[in-house]
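I opened this notebook to keep track of what I looked up. The entries go topic by topic.

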Amino acid sequence: MSVTWYECKVKYRKTHETGEQKVTTETYLLDAISYTEAETRINEEMAAYTSEEFLITNIKVANFSEVHPYENSDRWFKSKVSLIAFDEESGKERKTNLYMLVQANDVKEAYDNTVTAMKGTMGEYSIPAITESPILDVFPYFTGEEEQLEKFNAIAKTETETESEVETETEGALEELEEQESN
């Protein structure tokens, strides 16, 4: 099932580093099932983010097919990726555009992160445009199952490590016994 991303514009009074308060409009991205859920979720996120009153001025479906966050990056970039296919009947190249939201610190890093995100792609593609996005933050849908999965994976990894430690100890003990028997 594909994810539907919603771009939400929120207007509120923001206190800047200088202590001055200004009314600003900021854009956030979140995934939701419907506009109603998007509105509910942005209300929850903003309530946790600011104690000031805020107004949701716009909610629209964003045209991102994928969102790729990266550690130690603070800005979001919109990458236009053209998938190239060859039409055998007409003998022409066909390009299908898709848009990705990639987190990076600058345009070059955004390009590199886009290439990294496209590594598993079998066909040819080009990246004709990368622009900085006005999106300040992304709020993916989180059910709590992700946390459960991480705990399960951590437990499974610990069990695997414990099993390999026991096997190593057992092999070492067997080798010692064989040595003692041969002497």
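Before listing any touching residues, I fixed the term: contact means heavy atoms within 4.5 Å. I also noted that this is a predicted model.

**Entry: around I59**

I looked up I59 with that cut-off. Leaving out residues up to four places away in sequence, I59 touches Y6, E7, C8, Y35, A38 and E39.

**Entry: the cores**

Next I asked which residues make up the largest nonpolar core. I found 12 of them: Y6, C8, V10, Y12, Y28, L30, A32, A38, I42, M46, I59 and F139. Three elements give two or more residues each, namely β1, β2 (21-31) and α1. Strand β1 supplies the largest share, with four residues. I then found a second, separate core. This second core has 10 residues, including F77, A104, M118 and I127. I added one background remark: in soluble globular proteins, nonpolar side chains tend to be buried together.

**Entry: the sheet with β1**

I traced the strand order here as β3-β1-β2-β8. The sheet is open, has four strands and shows mixed pairing. At its edges I found β3 (54-61) and β8 (135-139), each pairing on one side only. On average, neighbouring strands in this sheet are turned by 25° against each other, direction ignored. I checked β1 against β3: the two pair in the antiparallel sense, over seven bridges. K9 has N58 in β3 as its bridge partner. Then I looked for the helix on this sheet. Helix α1 lies across β1, β2, β3 and β8, and runs at about 140° to β3.

**Entry: aromatic pairs**

How many aromatic pairs does the structure hold? I counted four aromatic pairs. In one of them, Y6 and Y35 meet edge-to-face, at 5.1 Å centre to centre and with 70° between the planes. This pair links distant parts of the chain. Y6 is in strand β1 (residues 5-15) and Y35 is in helix α1 (residues 35-49), 29 residues apart. Are the partners buried or exposed? Y6 counts as buried because its relative accessibility is 5%. Y35 counts as partly exposed because its value is 43%.

I also looked at Y12 and Y49, which form an edge-to-face pair. Their rings are 6.3 Å apart centre to centre, with 85° between the planes. Again the pair links distant parts of the chain: Y12 in strand β1, Y49 in helix α1, 37 residues apart. Y12 has 4% relative accessibility, so Y12 counts as buried. Y49 has 46%, so Y49 counts as partly exposed. I followed the ring pairs further and found that they link Y12, Y28, Y49 and F139 into a cluster.

**Entry: the sheet with β5**

I traced another open sheet of four strands, ordered β4-β6-β5-β7, with mixed pairing. Its edge strands are β4 (64-68) and β7 (124-132), and each pairs on one side only. Here the average turn between neighbouring strands is 25°, direction ignored. Strands β5 (residues 75-87) and β6 (residues 92-104) pair in the antiparallel sense over 13 bridges. K78 stands opposite L101 in β6. Helix α2 (residues 107-117) packs on this sheet and touches β4, β5, β6 and β7. The direction of α2 makes about 120° with that of β6.

**Entry: back to K78**

Where does the charged end of K78 sit? I found it over the ring of Y99, 4.8 Å from the ring centre.

Notes:
Residues numbered from 1 in each chain as written. Predicted model: local features only at pLDDT ≥ 70, side-chain atom pairs only at ≥ 80, totals over all residues. Heavy atoms only, no water. Phe/Tyr/Trp six-rings, centres within 6.5 Å; stacked < 30°, edge-to-face > 60°. Buried < 20%, exposed > 50% of the residue type's maximum accessible area, 1.4 Å probe, protein only. Lys NZ or Arg CZ within 6 Å of the ring centre and 35° of its normal. Pairing = 2+ DSSP bridges. Axes fitted to C-alpha atoms, helices over the stretch in contact; angles between N-to-C directions. Core = buried A, V, L, I, M, F, W, Y, C linked by side-chain atoms within 4.5 Å.
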